[in-house]
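Biologist: I should like to go through this model with you and ask what lies behind the terms applied to it. Please show the sequence and structure before we begin.

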Amino acid sequence: MGVKKSKTAIMSHDPAQLLESVSRCTQNGFIGSDLEDKVTCFSPILENLTGWSEEEALGKDVKSFYFIPEEENLAKQDAFSAQVAILFTKDGRKLSFPTRQTEIHDKYGKADGKLLFFVVDSFNKDIDQLQSEFVSTVSHELRTPITSIKGFASTLLQHKSHFPEEKRNKYIKIIKDQAERLARLVEDLLAVSRIDAKKLQFTIHPVQISQYLETTALLIENKYGGSHKITVDIEQNIPDVWVDADRLEQIFTNLIDNAVKYSPDSDKVEIQVGKIHKDEKTMVKVAIRDYGIGIEEKFLAKIFSKFSRLDNPLSRKTEGTGLGLYISHSLARIMNGHLSVESGPGGSTFKLYLPTEFFEVGDKSWD
Ligand code: ADP
């Protein structure tokens, strides 16, 4: 009954006026298109972001304005997904935003086009606020290992002659582990600052993916003492990918490590590698599937942001900086690839798309 009521209320308005009012009330933007993928509406927020006016956009192919590396997922009903779309600005920049997509129906319920909704507001935080959040999070993350190192080192110094060797070794091991944690954090912070300052160097060459994937999978299997079987299934005749091999390894390590770390009650991680063709381009797709705790829908849009540790008991228990996915997502994008995620209560699948042709990094792939 409730649904019917609200439908009647909406029907009493002119749909075009209603859409305009909605677009005025939200920080988010949308593009509507018909069945031939021609733009039918272009909201004011997108006009501001891209520099295109609605007049310029109407009737043009949507491909001139955005690109979704992974549209195939939209048909899936069994998982919620954060599609990241690349929005093209009039002056040649590329902006990436989480998006939602829905079909538009005509009055008989038949598909009539689609509406792509860009989640912009989460990106519009005040810069000062972001900076102070960043400084406070970094200080907190640094303080934890420093406190341990200081505490255990002082105890050892004060009482070293009374401690049995076993206990001494245990304390020294804690100090070493915490120092390594600190080093990892500093490495991640450096990577983030170089990414943000656009100062990371890339050496792009053709890379055979299997070699890196299989080695990383084995290393992580060993790191966790064989708690998970990590299988790698590679389609035949996979072309080489054009990437920086070290950065690729960094992405694989982060994604596979997370897949194991956030699935304590499962014993497997599955990796599939295949080709996809999109807009006359061939890309290699690496899908890393786990059967773990999954990611709640409301967090999906911010998972690729800095320090996006989600507040769940497992995140609190496991070690991490919340920078890995930000770094992986940025590295993939800079190398003309893309990283997306699909997740639900049954686990997560991270999908990495990589180019199979040479390209220049550091120009238009930067926001
Ligand atoms: P962290 O160092 O905390 O693992 P990441 O940037 O790699 O940082 O991941 C950010 C957050 O995203 C994690 O803290 C975790 O809450 C969530 N996450 C990442 N990968 C997965 C996964 N495979 N399954 C469930 N949650 C995940």
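Modeller: The discussion below takes confidence, cores and strand pairing in turn.

Biologist: How do you know how far the model may be trusted?

Modeller: The model is predicted, and the mean pLDDT of the chain is 82. Since pLDDT is the predictor's confidence on a scale from 0 to 100, that mean can be set beside the share of residues that reach 70 or more, which is 85%. By element, the mean is lowest in helix α1 (residues 2–11), at 46, and highest in strand β8 (residues 229–234), at 97.

Biologist: What distinguishes residues 1–8 in the model?

Modeller: Their pLDDT stays under 50, and they have zero contacts beyond four places in sequence. Residues 72–81 also have pLDDT below 50, but that stretch has 21 contacts beyond near neighbours in sequence.

Biologist: Why is the largest set of 53 residues called a nonpolar core?

Modeller: The term requires buried residues of the nonpolar kinds, joined through side-chain atoms within 4.5 Å. The largest such core has 53 residues, of which I209, L248, F252, V286 and L352 touch the most other members. Helix α8 (residues 245–261) gives the most to this core, with eight residues. At least three residues come from each of domain 2 (127–196) and domain 3 (205–355).

Biologist: Which residues does L248 contact, leaving aside its neighbours within four places in sequence?

Modeller: L248 is in contact with V207, I209, V241, V243, M335, L352 and L354. A second core, separate from the largest, has 17 residues, including I45, L46, F97 and V120.

Biologist: What makes β8 and strand β10 (residues 268–278) a pair?

Modeller: Two strands pair if at least two bridges are found between them. β8 and β10 have six bridges, in the parallel sense, so the criterion is met. One of the bridges places I234 with V273 of β10.

Biologist: How do you know that β10 and strand β11 (residues 281–290) pair, and in which sense?

Modeller: Ten bridges join β10 to β11, and the strands run antiparallel; the requirement of at least two is therefore satisfied. K275 has V284 of β11 as its bridge partner, and K278 stands opposite K281. The hairpin has two residues between the strands, and D279 takes a positive phi near 50 degrees there.

Biologist: Why is β11 described as mostly covered?

Modeller: A residue is buried when its relative accessible area is under 20%. Seven of the ten residues of β11 are buried, so the description follows. β11 also pairs with strand β13 (residues 347–355) in the antiparallel sense over seven bridges, with K285 opposite Y353.

Note on methods:
Residues are numbered from 1 along each chain as its sequence is written. This is a predicted model: local features need pLDDT of at least 70, side-chain atom pairs count only at pLDDT 80 or more; totals for chains, interfaces and linings use all residues. Side-chain values use heavy atoms; hydrogens and water are left out. Helices (H or I, at least four residues) and strands (E, at least two) are DSSP runs, numbered from the N terminus. Contact means heavy atoms within 4.5 Å. Buried means under 20% relative accessible area, exposed over 50%, partly exposed in between (1.4 Å probe, protein chains only). Domain bounds come from an automatic or database domain assignment.
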